[in-house]
Amino acid sequence: MISARCLSKRYGPKRVLQGLDLEVPRGGFVVVTGANGSGKTTLLRLVAGLAAPTGGSVEVGTDRGRIGYLAHEPLVYRELSALENLDLYGRLYRIAERRERIGMLLERFGLWTARRDPVASFSRGMQQRLALCRALLHAPDLLLLDEPFNALDEDGAALLDGELDGLRGRTFLVATHDPARLAPLSTAQLALA
Amino acid sequence: MTYLRDAAALARKDLLLELRGRETVPAMVLFVLAVFVAFRFALPEDQERAAAGLLWVAIVLTALLGLVRAFVPEQDQRTLDALVLAPCDRSAIWLGKSFSVLAFLLVAEAAAVPLFGLFFERPSAATVGAILLADVGLAAIGTLMAAMAVGGRAREVLLPLLFLPLAIPVVIGGVGATVAADPARYLGFLALYDAIFAILAWATFEYVVTE
């Protein structure tokens with residue numbers, strides 16, 4: 001599903017990734033670890049096609065519309081409600097039975113009662129839950145998750161554990177500082193220096 | 001049709017954001033009104049030709065004010081990443097944003113043009129037509145320039161440097177349509193400007209929003 005050869009990325013004089021080779025088979029669950037600044041987020045952005053490599057190549061065996069991307073930021077509009085945000089993305093992803101899918105996700109992630117509130121009024125944990133709803137909205141084949149447990153409380157983290165378990169068979173590339181939490185699901189680990 | 005539906009969904013989002021935040025349109029309206037009031041006292045009497053120039057400079061600068069804020073939500077909340085990943089044609093992002101910039105500009109002008117008529121002279125039908133044509137071109141190329149500038153650290157400086165040179169033909173065409181005895185060829189010039197820059201912006205936007 002993901003094939004990277006000699007992948008490099010520089011930002012000006014700063015080298016973030018250098019000569020990385022990576023193979024993630026369809027259905028693989030690869031956990032990416034490394035210290036701050038080791039290039040975990042950059043790797044996810046390169047795979048998502050949001051950044052261009054300065055060297056090497058990366059190939060992804062699915063359309064960009066089949067990628068679910070969870071970033072550090074929730075990638076939602078703070079002045080809009082959870083419902084309005086997901087409705088916008090649902091339209092852009094042309095999801096059949098959009099309202100039912102959005103309602104089901106909001107219910108599952110515990111945001112149904114706050115669905116009409118502006119995202120600006122959400123706690124960081126609620127924003128992370130909404131970001132997960134956004135990333136999962138179109139039932140993607142490839143999930144690129146950057147610190148998915150970030151800001152989640154114990155209930156939220158347990159909920160996400162269950163979600164990830166239920167998505168077995170999809171392909172995952174997950175950057176995390178807590179690889180032990182994902183050990184039961186992971187098929188390989190990549191440590192960036 | 002799907003392409004237009006995507007653009008409409010994105011434009012609707014911008015209109016909703018403006019309705020909630022009211023950060024762009026009030027600033028545009030107040031700016032253009034303040035310019036006309038200032039020039040009402042600065043210009044000597046019977047300076048209709050100078051006032052025509054003022055009208056067009058005010059329109060371009062008001063558009064610039066709106067464009068500076070056009071991609072602020074996408075930049076502040078990094079949502080451009082999510083929009084770029086969506087399976088829609090990326091130029092739909094440009095089209096949706098151009099629609100909303102155009103709408104904001106029309107609202108500002110709906111307040112400003114009557115005031116211009118009150119202070120200076122009543123705009124002719126050709127002038128109103130020229131304003132509408134100019135708005136389309138300014139929104140089309142301005143949105144592309146705003147997307148180019150938004151990634152930079154000096155957005156407020158970079159955007160005028162990119163946008164104003166490209167807006168000079170609009171001022172030439174607009175002033176021509178306002179003061180010439182036969183405005184048809186200036187209106188044609190503005191329509192040509194719209195077509196050329198809309199196609200250019202539509203075709204290049206994808207390369208602007210991807211690194």
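## Helix 7 against helix 8 in chain B

A crossing of two helices is right-handed if the near helix is turned clockwise from the far one by less than a right angle. Helix 7 of chain B passes helix 8 of chain B in just such a right-handed crossing. This comes from a predicted model.

Helix 7 covers residues 125-150, and helix 8 covers residues 155-179. Their axes come within 9 Å and cross at roughly 165°. Angles over 145 degrees count as roughly antiparallel. Helix 7 of chain B and helix 8 of chain B are therefore roughly antiparallel to each other. The residues of their contact divide into 18 nonpolar, six polar and one charged.

## Helix 8 against helix 9 in chain B

Helix 8 of chain B also packs on helix 9 of chain B, residues 184-209. Here the angle is about 155°, and the axes are 8 Å apart. That makes helix 8 of chain B roughly antiparallel to helix 9 of chain B. This crossing is left-handed.

Which residues make the contact between helix 8 and helix 9 of chain B? Helix 8 brings P169(B), V170(B), G173(B), G176(B) and A177(B). Helix 9 brings Y186(B), L187(B), F189(B), L190(B) and Y193(B). By type, the contact has eight nonpolar residues, two polar and no charged.

## Two residues on these helices

A177(B) sits in helix 8 of chain B. Is A177(B) buried or exposed? A177(B) has 28 other C-beta atoms within 10 Å, so it is buried. Leaving aside neighbours within four places in sequence, A177(B) is in contact with A126(B), T127(B), A130(B), P183(B), Y186(B), L187(B) and L190(B). The C-alpha atoms of A177(B) and A125(B) are separated by 9.9 Å. Along the chain, A177(B) and A125(B) are 52 residues apart.

T204(B) belongs to helix 9 of chain B. T204(B) has 14 C-beta neighbours inside 10 Å, so it counts as partly exposed. The C-alpha atoms of T204(B) and R90(B) are separated by 9.9 Å. Those two residues are 114 places apart along the chain.

## The nonpolar core

The largest nonpolar core has 124 residues. Its largest share, 15 residues, comes from helix 7 of chain B. The residues with the most contacts inside this core are L144(A) and L173(A).

What does L144(A) touch, not counting residues up to four places away in sequence? The partners are L44(A), V47(A), A48(A), I67(A), Y69(A) and L173(A).

## Where the chains meet

In the interface, 19 residues of chain B are in contact with 24 residues of chain A. Helix 1 (2-21) and helix 5 (79-85) of chain B each supply at least two residues of the chain B side. Helix 1 of chain B gives the largest share of that side, seven residues. The side of chain B that touches chain A divides into ten nonpolar residues, three polar and six charged.

## Positive phi in chain A

C6(A) is not a glycine, yet its phi is positive, about 50°. C6(A) lies in strand 1 of chain A, residues 2-11. C6(A) has 12 other C-beta atoms within 10 Å, so it is exposed.

A151(A) is another residue other than glycine with a positive phi, near 70°. Where is A151(A) placed? A151(A) is in the loop between strand 6 (142-146) and helix 5 (154-166) of chain A. A151(A) has 16 other C-beta atoms within 10 Å and is therefore partly exposed.

Terms used. Residues are numbered from 1 along each chain as its sequence is written. Chains are lettered from A and ligands numbered from 1 in the order in which they are written. This is a predicted model: local features need pLDDT of at least 70, side-chain atom pairs count only at pLDDT 80 or more; totals for chains, interfaces and linings use all residues. A nonpolar core is a set of buried Ala, Val, Leu, Ile, Met, Phe, Trp, Tyr and Cys residues joined through C-beta atoms within 7 Å. A residue is buried if 20 or more other C-beta atoms lie within 10 Å of its own, exposed if 12 or fewer, and partly exposed in between; C-beta atoms are placed from the backbone. Helices (H or I, at least four residues) and strands (E, at least two) are DSSP runs, numbered from the N terminus. Two residues are in contact if their C-beta atoms, placed from the backbone, lie within 7 Å. Ala, Val, Leu, Ile, Met, Phe, Trp, Tyr, Cys and Pro count as nonpolar, Asp, Glu, Lys and Arg as charged, and the others, Gly among them, as polar. Axes are lines fitted to C-alpha atoms, for helices over the stretch in contact, and angles run from 0 to 180 degrees between N-to-C directions. Angles under 35 degrees count as roughly parallel, over 145 as roughly antiparallel, 65 to 115 as roughly perpendicular and the rest as oblique.
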